[in-house]
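Here is a short report on a protein–DNA model. Look it over first, then read on.

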2 protein chains.
Amino acid sequence: MNQQNPQTGRAGSDASSHRTINIHQLKTVCSSCSLRELCLPMGLSQEEVEYLDQLVYTRKRIKRGENLYRAGDPFGSLYAVRSGFFKSNLILEDGRDQVTGFHMPGEIMGLDGIGTDDHTCNTTALEDSEVCVIPFARLEELGHQVRNLQKQFHKVMSREIVRDQGVMMLLGTMRAEERLAAFLLNLSQRFNARGYSHTEFHLRMTREEIGSYLGLKLETVSRIFSKFQEEGLVSVQQKHIRILDTDGLKRMLGQAD
Amino acid sequence: MNQQNPQTGRAGSDASSHRTINIHQLKTVCSSCSLRELCLPMGLSQEEVEYLDQLVYTRKRIKRGENLYRAGDPFGSLYAVRSGFFKSNLILEDGRDQVTGFHMPGEIMGLDGIGTDDHTCNTTALEDSEVCVIPFARLEELGHQVRNLQKQFHKVMSREIVRDQGVMMLLGTMRAEERLAAFLLNLSQRFNARGYSHTEFHLRMTREEIGSYLGLKLETVSRIFSKFQEEGLVSVQQKHIRILDTDGLKRMLGQAD
DNA sequence: AAGGCACTTTGACGTAAGTCAAGGCGGCCA
DNA sequence: TGGCCGCCTTGACTTACGTCAAAGTGCCTT
């Protein structure tokens, strides 16, 4: 599989690792980050991005299954996914669990914490991952100096609101097959924007997590994957997905019944 | 009708109308607005709110059934509900319609437009209403001068994200009765925060709109209102609701089955 | 005051998705 | 290398909610 992340191949485990890490850090400031066109720096000038370099100086590795933060943790920073894959979820007192989003490289996590100074959801790595830590007080400070950064940050928040409303539409009006089709097309488009194949990818989440996100049970998700496969829309082998008929999936969405 | 827009009224037809309108304007700047503790000025000092007065100088009346904006309209301003009641909805190409929120006095509308410079949803008055127009470019400008305003604005956006995630939870994991109970409790709490009764209120929206918001059909909403009434939880007379057993409604939420 | 209209209620029936249960696949660790 | 365990698939049955249809209610207009 050629889905290795270009960011992780670098750090060595030998004597040179110390220097390697320094170089690594140097190379991962925003101004030279390969994700800059997808992430917070989107649309900023070279000079403006260099301001951001002052801000984003800590990175953090999160192992598969570990939490980046939990509901109730005090909020202090936003996080940009540098490599890997995350999910966010809410848990009700009675144990019910709703996945509210999946996050891939370049996406900003933690926006929920700004309003109350506490995180309101849990965010967990679905594979070994790395994030850039963005101290929020400093972001507000820097936004004050770099007007376009402020604007860009507002756009990031607004787009999150729009995304959430799209999920409401999905949960409120779509049937199970439409939900899964919409989900696959959305993943496809996001992988594509990151330079990965849009027809072939590896799901990082379980059927249960997909189901939770889509308001379905895992058996339903599984059955629909099988159905899509029978119909020649996709090829599914466990977590490996190949989209065979993008237009067919899109057609599933356009029709009311 | 005396519902004339103060901005357009300048070329008034007689001498007295001119002065009357000025007094009216004076009374509705943020610094003397009764909603200041619920709206954008929340938590700002007297001095800081007076800066806001420069910004929010236009109000606009929207008649019942009229749109404040539609999906696709160019984005320029946010709107704070001054009086009345609004809904927002998304419409899919095939005609499916999802209500994404209801807005009451003090709440900010239009945040969806910041990300793309176009509004992404429709917002419609459910009764004759009035909004304060907040030109967004000027808000960003003023946020630059008044640090706490900037912070406050970020909190407003973040809370909207958290609210949306709560709706995802509702749509993704709750059964119909739980959804309606959560909806009633939410309305009750918001009316209460505005100084209205939290046990007795008038629904501004139809059963169909409630259903759309909750991912249910109008018949289901109607049946559950009847059931709640039989069980002595609420008294329902068309759109007039009286909550008889708040704890009973809350208990509906706490249990997984 | 009457009639129309938009909204709501209620009943009978249909169905998409959930539940429960059994078995299969594949990766990981001893 | 074998066996365990987490995850996935599939089948048989159940159910919560949707659909369709017919009345009922109250407001608005003329």
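## A salt bridge within chain A

Which residue forms a salt bridge with A:Arg61? The partner is A:Glu130, and the closest N and O atoms of the pair are 3.8 Å apart. The model is predicted, so this distance, like every other value here, is computed from it.

This pair links distant parts of the chain. A:Arg61 sits in strand S1, residues 58-62 of chain A. A:Glu130 belongs to strand S8, residues 129-135 of chain A. In sequence the two residues are 69 apart. Side chains of opposite charge can pair when their charged atoms come close. Over all chains, the structure holds 33 salt bridges.

## How the two chains meet

Chain A puts 50 residues into the contact, and chain B puts in 49 residues. Between them the chains bury about 4400 Å². Carbon and sulfur atoms carry 58% of that area. Three residues stand out on chain A: A:Arg96, A:His144 and A:Met168. They supply 16% of the area that chain A buries against chain B, more than any other three residues.

Polar and charged pairs also cross this interface. Eight salt bridges are found between chain A and chain B. In the salt bridge of B:Asp117 with A:Lys155, the closest N and O atoms are 3.4 Å apart. Residue pairs in polar contact across the interface number 30, with both residues at pLDDT 80 or more.

## The chain A side of the interface

Which elements of chain A each supply at least two residues of the side that touches chain B? They are strand S5 (97-103), helix H3 (136-145), helix H4 (147-173) and helix H8 (246-254). The largest share comes from H4(A), with 22 residues. By class, this side of chain A has 17 nonpolar, 18 polar and 15 charged residues.

## Symmetry of the pair

Chain A superposes on chain B after a rotation of 180 degrees. The shift along the axis is 0.0 Å, and the RMSD is 0.0 Å. That is the relation of a two-fold axis.

Why can the copies be said to meet through the same surface? Of the interface residues of chain A, 98% are also interface residues in chain B, so the copies meet through the same surface.

## DNA strand C

Now to the DNA. DNA strand C is surrounded by 16 residues. The closest are A:Ala176, A:Thr220, A:Arg223, B:Ser222 and B:Ser226. Sugar and phosphate make up 62% of the strand C atoms that come within 4 Å of the protein.

Phosphate oxygens of strand C lie close to chain A at these two residues. At A:Thr220, an N or O atom of the side chain is 2.3 Å from a phosphate oxygen of DNA strand C. At A:Lys217, a polar backbone atom is 3.2 Å from a phosphate oxygen of DNA strand C. A:Arg223 reaches a base instead: a polar atom of its side chain lies 2.7 Å from a base oxygen of DNA strand C.

Helix H7 (218-230) of chain A and helix H7 (218-230) of chain B each supply at least two residues of the surface near DNA strand C. H7(B) gives the largest share, five residues. The residues of this surface divide into three nonpolar, five polar and eight charged.

## DNA strand D

DNA strand D also has 16 residues around it. Here the closest are A:Ser222, A:Ser226, B:Ala176, B:Thr220 and B:Arg223. Of the strand D atoms that come within 4 Å of the protein, sugar and phosphate account for 61%.

Both chains supply polar atoms here. On chain A, an N or O atom in the side chain of A:Ser222 is 2.8 Å from a phosphate oxygen of DNA strand D. On chain B, a polar side-chain atom of B:Thr220 lies 2.4 Å from a phosphate oxygen of DNA strand D. B:Glu219 places a polar side-chain atom 3.3 Å from a base nitrogen of DNA strand D. The elements giving two or more residues to the surface near DNA strand D are H7 of chain A and H7 of chain B. H7(A) contributes the largest share, five residues. By class, the surface near DNA strand D has three nonpolar, five polar and eight charged residues.

Note on methods
Residues are numbered from 1 along each chain as its sequence is written. Chains are lettered from A and ligands numbered from 1 in the order in which they are written. This is a predicted model: local features need pLDDT of at least 70, side-chain atom pairs count only at pLDDT 80 or more; totals for chains, interfaces and linings use all residues. Side-chain values use heavy atoms; hydrogens and water are left out. A residue is near a molecule or strand if one of its heavy atoms lies within 4 Å of it. A polar contact is a pair of N or O atoms within 3.5 Å; within protein, one must be able to donate a hydrogen and the other to accept it, and residues adjacent in sequence count only if both atoms are side-chain atoms. Helices (H or I, at least four residues) and strands (E, at least two) are DSSP runs, numbered from the N terminus. Ala, Val, Leu, Ile, Met, Phe, Trp, Tyr, Cys and Pro count as nonpolar, Asp, Glu, Lys and Arg as charged, and the others, Gly among them, as polar. Contact means heavy atoms within 4.5 Å. Buried area is the accessible area (1.4 Å probe) that two parts lose on being put together, summed over both. A salt bridge is a side-chain nitrogen of Lys or Arg within 4 Å of a carboxyl oxygen of Asp or Glu. Copies are superposed by least squares on the C-alpha atoms of residues with pLDDT of at least 70 in both.
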